Every structure is written in structure tokens, then in C-alpha cells.
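Hi everyone, thanks for making time this morning. I'd like to walk you through one model, so please have a look at the screen.

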Amino acid sequence: MRTKEQYIERLRKMRRNLYHDGDKIDRDDEIQAPVLNVMGITFDAVNDPDLKDLCTATSHLTGETINRFCHVHQSTDDLHKKQDMTRALCRKAGMCIQRCMGTDALNAVNAASFEADKVNPGNTSYHQNFLKWLERFQKEDLVGSCAQTDMKGERLKRPIQQTDPDMYVHVVEKKSDGIVVRGCKLHISEASISDEILVVPTRALGPDEKDYAVAFAVPSDYEGVKQVVSIHSQYKRKHIKRGVDIGYSDSYIIFEDCFVPWERVFLCGENDHGGMCALLFALFHRHSYSGCKPAIGDVFLGLAALAAEYNGIEKTPHVKEMMAEIIKVSELGYAAGYTASSMGKPEVIIPGLGSCPYGPGSYIPNSIYCNVGRCLTGEAVFHEQELICRIAGGIPSTFPYEGDLIHPDLKEVLAKYLNRNPKVPVEDQIKFWMTLGDYTIGSMAGVMNYGNYHGGGSPIMEQIAITSQYDIKARKKLIKYLAGMSGGDSKAIMGK
Ligand SMILES: Cc1cc2nc3c(=O)[nH]c(=O)nc-3n(C[C@H](O)[C@H](O)[C@H](O)COP(=O)(O)OP(=O)(O)OC[C@H]3O[C@@H](n4cnc5c(N)ncnc54)[C@H](O)[C@@H]3O)c2cc1C
């Protein structure tokens with residue numbers, strides 16, 4: 001397994017295909033340092049005695065110990081550990097840990113490539129291609145990003161109906177040695193610091209949309225790939241240092257008639273499995289949320305609790321009620337993920353057919369619980385911010401600048417007036433309110449709210465998944481049984 005330094009050293013050698021605010025930048029440009037700090041945690045963790053067990057796994061391909069972020073889940077225990085690793089590492093970063101997109105994509109492609117080969121007996125070797133790619137990915141301890149979200153152009157039109165066919169990434173040419181792809185994926189987290197980009201479809205696809213059913217992997221500095229990068233970090237502090245400096249990046253990834261050799265292609269034209277691959281990435285990613293969103297809830301709760309303590313209002317009933325709300329959402333989100341892990345199987349729920357075997361035997365978390373957990377916690381994001389705002393009052397929005405806090409003319413007088421709780425050293429109160437500002441009013445906080453709300457699919461997507469996969473018919477039968485109506489079935493008490 002690599003160290004953070006070895007990881008950055010490799011990024012340093014990559015081709016310059018990152019554009020940021022009108023310039024081309026290197027991957028280790030200073031502006032990306034806080035972003036690299038977050039990813040670095042995933043490398044440091046494998047040597048941390050408290051985290052080692054959660055953050056490593058045994059490769060099913062080689063039997064070697066690997067970073068869990070490179071692992072294909074082989075059991076319910078793996079799913080539990082993935083969830084707990086995510087919560088622990090997100091707590092360590094104080095926000096999203098950012099390496100799970102690649103993990104979730106490789107788990108999806110592992111299953112979909114296996115099934116897609118069955119459609120073309122003997123003619124395709126998607127799964128072997130993938131396993132070969134995966135073995136190197138695991139051995140070299142690489143970081144993957146997942147490029148799923150397409151530009152989507154006119155929202156109410158399918159890929160094939162778009163005025164501009166490039167609004168969804170698609171195959172424009174098939175050659176004897178590979179395929180040529182065109183299109184653009186957006187909001188792709190950490191692609192600017194990843195080794196590989198895994199590309200998967202965004203949505204269900206019809207038989208007339210085979211060109212859009214494509215999954216592949218390319219190095220993130222690959223020829224034919226341009227990245228337009230947004231970088232979000234907390235504002236730089238000169239004097240009053242934080243415990244951890246964090247930042248994030250998201251890229252538009254433009255594929256300009258990019259040639260991908262067959263050995264890096266994992267799906268090409270199998271529209272049913274393209275749709276399934278899209279659904280599976282979303283599912284694995286919603287499972288990841290059952291680790292990360294509770295961790296963000298832990299951070300929000302800590303902010304709310306300290307704000308209440310420093311404002312001297314922690315014993316008031318309305319504050320307790322608000323804190324209970326944050327705890328309820330976090331722990332219900334975690335419980336949903338825990339159940340999804342425990343009920344994991346090498347199966348997927350197909351509307352109308354129920355739970356069906358899918359993939360080579362690797363474990364897939366239960367879809368209903370992943371979706372209800374992600375939906376519940378995603379919808380709560382802005383409300384939780386509101387609760388912190390109510391407890392904090394206006395203080396973070398007009399807090400003095402660092403330079404004023406340390407200025408000899410102002411230091412003492414500001415410390416005097418910022419002291420809301422004589423039991424707490426005023427320097428700590430100052431650091432706290434600055435941190436609360438980082439998480440609530442800073443520009444990174446705004447971006448993360450959007451990410452926490454929409455990442456892994458907006459709540460509307462989870463609602464669609466829940467209502468299409470849940471056995472609503474059985475609930476109708478239950479009512480008919482209870483009402484003594486025709487069509488009632490006492491077996492409905494078993495939920496079926
Ligand atoms: C910070 C951040 C990080 C992210 N990281 C990644 C990543 O690493 N990889 C990745 O692949 N994706 C990533 N995403 C993308 C995320 O999955 C999407 O934002 C999410 O799926 C919503 O898609 P969208 O942004 O295109 O919104 P839209 O789909 O444009 O939604 C906008 C509105 O239009 C509505 N709408 C859209 N289509 C229809 C329709 N057909 N019918 C009716 N209403 C419709 C939606 O319900 C919503 O209300 C990230 C997003 C964010 C914000």
C-alpha cells in the first residue's frame with residue numbers, strides 16, 4: 001500500500017490536463033494542497049492502529065492486504081466495514097473523505113461487466129478486462145474517481161432525443177482495437193487528484209440507446225481528456241491555525257473523441273446492463289452516504305452543542321430539541337446503512353421481479369435501506385444548517401477578521417467582548433466561532449451542502465427507487481385483508 005507522499009509523487013508526473021480559472025495547473029499545485037490533505041488521510045489510515053482493521057481488506061484476486069477503498073465487497077462484514085470506515089474517516093477529515101466514488105464505481109462495474117458478458121457468450125471479455133484493470137488498481141493502491149453524471153442537456157429528453165447527441169457520453173466509433181467516446185461528465189469529485197477515472201452510464205437506457213451504454217476506465221491525465229476543475233477550500237488562515245485544513249475539487253471531464261482500448265472497456269452496447277450499472281453505482285454510493293452523512297451529522301452536532309455551550313443556552317428545552325433532531329437523522333441514516341449491510345447479498349431488486357442474483361457473487365447492499373437512509377439524511381442537510389444558525393445566532397456572519405483579532409490595538413478589547421462564557425478560554429471560543437463559520441457560511445460550506453444534498457442522486461432519485469422497488473402491492477393486500485375486502489391476503493402480514 002502507498003503512503004500519501006508516494007501517491008502525490010505519482011500525481012506530480014501526470015500530464016497537465018487540468019484547467020482552473022484560466023490557467024493550466026499541476027496536480028500538486030498549492031491550490032490543491034487542502035484537497036490532497038483529505039485524500040492523504042485514506043493512505044495514512046492503513047498505518048493507524050485504531051483504523052487499520054477498518055481500512056484494509058484482503059483482495060479476493062491476490063489474497064494480498066489492500067486498502068479497503070480498492071476492494072470488491074465479498075461479504076456483509078465487508079459492507080459493514082466500508083460503512084464504518086467511511087464514518088470514521090469522514091470524522092477525521094471533518095467532512096467528506098472523497099475516495100468512495102471510485103470504490104462504489106468499481107463494485108458496480110464488477111457486477112455489471114460480469115452480467116454483460118452473458119449477453120454476448122464468448123464474444124466479449126468485459127469482466128476479464130475489468131479484473132485485469134482491478135488487479136493493477138489494487139496492487140498500485142490507486143485512487144479512482146467515478147464519472148457518472150452527464151451534462152444531460154434538455155432535462156425532459158432521453159439521451160437519444162437530445163438536440164445535441166453529446167449531452168450524454170457515448171461511443172462515436174468502434175474500431176478493431178478500441179472505441180472512440182465523446183461527451184462531458186460534470187461534478188466529478190476529486191478527478192483532479194485521482195489516478196484513474198471510471199466512467200459509467202447515468203441512467204436507464206433503451207435498446208435505441210446502445211451507444212450510451214458504455215463503461216470504461218482511463219488514467220485521469222489521458223490523451224483526449226480535459227478537466228475543468230473547481231476547487232473549494234476554506235479561506236487561508238495566517239495566524240489562527242485550524243486542526244485540519246481541508247478542501248475539495250470537482251471537475252467537468254471532457255472526452256474529445258477519446259480513444260479507449262478494448263482492454264479498458266467494461267461495457268459497450270448492452271443497454272440493460274448499462275442501466276443496471278448506473279443503478280448499482282448509485283446504490284453503492286448511497287450506502288457510502290450511510291457512513292459519511294452520519295459523520296457530517298456528528299460534526300454538525302458538535303458545532304451545535306458547543307455553540308449552545310458557549311452561548312450559555314445548552315440547558316434550554318428548544319436547544320435540546322434541536323440537538324435531538326440532528327442525532328435522530330444521523331443515527332437513523334446510520335441504522336439504515338447498517339441494515340443495508342446486514343441484508344447485503346449478491347442480488348439486486350428488479351421492479352416486478354423482486355430480489356434477483358446479479359454479478360459474480362460480490363456483495364450488494366440492500367437497496368431499500370440504502371435509498372431510505374440516503375433520502376432521509378440528504379433531505380435534512382439544509383434543515384441542519386438552519387438548526388445550527390438558530391443556536392449560533394448571528395455571530396459567524398460578522399466575525400472579525402484574523403488580522404483584527406491579533407492586532408495590538410484590538411486584540412484585548414475584542415477578546416473582552418467575544419467572551420460569552422467565562423468558563424471557556426476566550427482563544428478557544430474564537431477558534432470555535434471561526435470553525436463554525438467554515439462549516440456554515442464559508443464558500444466551501446455552500447458547495448458541500450449542495451454535494452451532501454445531490455451527491456449520489458438527489459432525494460427525488462431515491463424516492464423513485466424506493467417507490468419502484470418497494471412492495472406496495474403487499475401493503476394494498478394487507479388493507480384489503482384488514483377491511484375484509486376481496487383480494488385481501490393474510491400472507492401480507494409477512495410483508496409479501
Ligand atoms: C458537490 C457535488 C459532487 C458530486 N460528485 C459527483 C461525482 O463524483 N460523480 C458523479 O458522477 N456525480 C457527482 N455529483 C452529481 C450528482 O449525482 C448530481 O448532482 C445529481 O445526480 C443530480 O443531477 P444534476 O446535478 O444534473 O441535477 P438535475 O438532474 O439537473 O436536477 C435539477 C432539477 O431538475 C429535476 N429534473 C431533472 N431531470 C428531470 C426529469 N427528467 N423529470 C423531472 N424533473 C427532472 C430534478 O428533480 C431537480 O429538481 C456531484 C454533485 C455535487 C453537487
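I'll talk about the domains, then the ligand, and then a pair of helices. Please keep in mind that this is a predicted model.

Let's start with the domains. The domain assignment splits the protein into domain 1, residues 4-276, and domain 2, residues 282-472. Their C-alpha centres are 24 Å apart. As for how they touch, 37 residues of domain 1 make contact with 38 residues of domain 2.

So which elements of domain 1 give two or more residues to the side that touches domain 2? They are α4 (76-93), α5 (100-119) and β10 (225-233). The top contributor to that side is α4, which gives 10 residues. If you like to think in terms of chemistry, the side of domain 1 that touches domain 2 has 13 nonpolar, 15 polar and nine charged residues.

Now to the ligand. There are 22 residues around it, and those that come nearest are Gln 148, Thr 149, His 187, Ser 189 and Gly 451. Where does the shell come from: domain 1 or domain 2? Each of the two domains supplies at least three of its residues.

By element, β5 (144-147), β7 (178-189) and α14 (443-454) each bring at least two residues to the shell around the ligand. Here the one that gives the most is α14, with four residues. By class, the shell around the ligand holds eight nonpolar, 11 polar and three charged residues.

Last, the helix pair. Please find helix α9, residues 367-379, and helix α15, residues 459-469. Their axes come within 9 Å of each other and cross at roughly 150 degrees. Angles over 145 degrees count as roughly antiparallel, and that is why α9 is described as roughly antiparallel to α15. The crossing of α9 past α15 is left-handed.

Who meets whom there? On the α9 side we have Ser 367, Ile 368, Asn 371, Val 372, Arg 374, Cys 375, Gly 378 and Glu 379. On the α15 side, the partners are Pro 459, Glu 462, Gln 463, Ala 465, Ile 466 and Gln 469. Sorted by class, this contact of α9 with α15 contains six nonpolar, five polar and three charged residues.

If you take one thing back to the bench, let it be the ligand shell, to which both domain 1 and domain 2 contribute. Thanks for listening!

Terms used. Residues are numbered from 1 along each chain as its sequence is written. This is a predicted model: local features need pLDDT of at least 70, side-chain atom pairs count only at pLDDT 80 or more; totals for chains, interfaces and linings use all residues. Axes are lines fitted to C-alpha atoms, for helices over the stretch in contact, and angles run from 0 to 180 degrees between N-to-C directions. Angles under 35 degrees count as roughly parallel, over 145 as roughly antiparallel, 65 to 115 as roughly perpendicular and the rest as oblique. A crossing is left-handed if the near helix is turned anticlockwise from the far one by less than a right angle, and right-handed if clockwise. Two residues are in contact if their C-beta atoms, placed from the backbone, lie within 7 Å. Ala, Val, Leu, Ile, Met, Phe, Trp, Tyr, Cys and Pro count as nonpolar, Asp, Glu, Lys and Arg as charged, and the others, Gly among them, as polar. Domain bounds come from an automatic or database domain assignment. A residue is near a molecule or strand if its C-beta atom, placed from the backbone, lies within 6 Å of it.
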